[in-house]
Amino acid sequence: MDFLFPALIVLATVVTMELVAWSSHKYIMHGFGWGWHRDHHEPHDNLLERNDLYALVGAAGSISMFLLGSPMVMGLDAWWPATWIGLGILFYGIIYTLVHDGLVHQRYFTWVPKRGYAKRLVQAHKLHHATIGKEGGVSFGFVFARDPAKLKAELKRQREAGIAVVRESAGA
């Protein structure tokens with residue numbers, strides 16, 4: 001039982017981080033933070049992107065939680081759940097790195113899934129990159145992906161409404 005509650009905190013944090021990532025991606029990265037995110041949507045041959053600075057923001061959140069949960073740092077004011085929250089943020093960062101940077105953008109390895117949820121993740125994120133500029137768009141999450149057919153329909157609606165400029169190859 002001593003392990004169950006911390007494990008639930010870690011799991012809840014990972015799920016919450018997907019919600020944080022979705023809203024941050026939609027409202028910050030495609031909003032006032034577009035300056036850091038723009039190069040992620042443009043072709044380049046650089047090893048690193050300015051967009052990678054957002055990973056440092058996530059790392060700072062995780063480190064902050066580890067510090068708040070540490071009796072060595074905070075003494076009697078240490079808040080024990082913060083350690084497990086920090087671990088959940090760290091796990092989400094690892095999942096994000098493997099799924100988004102690795103699987104979808106193939107920055108670390110090359111594997112193109114032919115079926116299943118991995119294929120759905122890749123398709124959903126490719127549809128996210130189907131727009132030109134920061135306006136409009138679909139699929140702002142990184143781990144949970146909606147049905148690509150529904151995302152294509154949403155892109156078509158956005159294009160017809162003048163909300164988004166969609167690349168020709170997107171088929172929306």
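In the predicted model, helix 5 (residues 81-104) and helix 6 (residues 116-128) approach each other with their axes within 11 Å and a crossing angle of roughly 75°. Because angles of 65 to 115 degrees count as roughly perpendicular, helix 5 and helix 6 are assigned to that class. On the side of helix 5, the contact is formed by Val99, His100, Leu103 and Val104, and these residues meet Ala118, Leu121, Val122, His125 and Lys126 of helix 6. By class, the residues of this contact comprise 6 nonpolar, 2 polar and 1 charged.

Helix 6 also packs against helix 7 (residues 148-160), here at an angle of about 5° and with the axes 9 Å apart. Since angles under 35 degrees count as roughly parallel, helix 6 is described as roughly parallel to helix 7. Helix 6 contributes Arg120, Gln123, Ala124 and Leu127 to this contact, while helix 7 contributes Pro148, Leu151, Lys152 and Leu155. The contact of helix 6 with helix 7 divides into 5 nonpolar, 1 polar and 2 charged residues.

These helices belong to a protein chain whose secondary structure consists of 7 helices and 2 strands. Read from the N terminus, the order of the elements is α-α-α-α-α-α-β-α-β. Along the principal axes, the C-alpha atoms of the chain occupy a box of roughly 60 × 35 × 30 Å.

Helix 5 also features at the surface of the model, where a nonpolar patch of about 810 Å² is present. The patch is made by Phe66, Leu90, Phe91, Ile94, Ile95, Leu98, Tyr108, Phe109 and Trp111. Helix 5 supplies 5 residues, the largest share of the patch. Tyr108, another member of the patch, is located in the loop between helix 5 and helix 6.

The loop between helix 5 and helix 6 also holds Arg107, which takes part in a salt bridge with Asp52. The closest N and O atoms of this pair lie 2.9 Å apart. Asp52 is placed in the loop between helix 2 (34-37) and helix 3 (53-68), and the two partners, 55 residues apart, thus link distant parts of the chain. In the whole structure, 3 salt bridges are found.

Notes
Residues numbered from 1 in each chain as written. Predicted model: local features only at pLDDT ≥ 70, side-chain atom pairs only at ≥ 80, totals over all residues. Heavy atoms only, no water. Axes fitted to C-alpha atoms, helices over the stretch in contact; angles between N-to-C directions. Helix = DSSP H or I, 4+ residues; strand = E, 2+ residues; numbered from the N terminus. Parallel < 35°, antiparallel > 145°, perpendicular 65-115°, else oblique. Contact = heavy atoms within 4.5 Å. Nonpolar A, V, L, I, M, F, W, Y, C, P; charged D, E, K, R; others polar. Patch = residues over 30% accessible without salt bridge, like charges linked within 9 Å, V, L, I, M, F, W, Y side chains within 5 Å. Areas by Shrake-Rupley, 256 points an atom, 1.4 Å probe, with all protein chains shown as cover. Salt bridge = Lys/Arg side-chain N within 4 Å of Asp/Glu carboxyl O.
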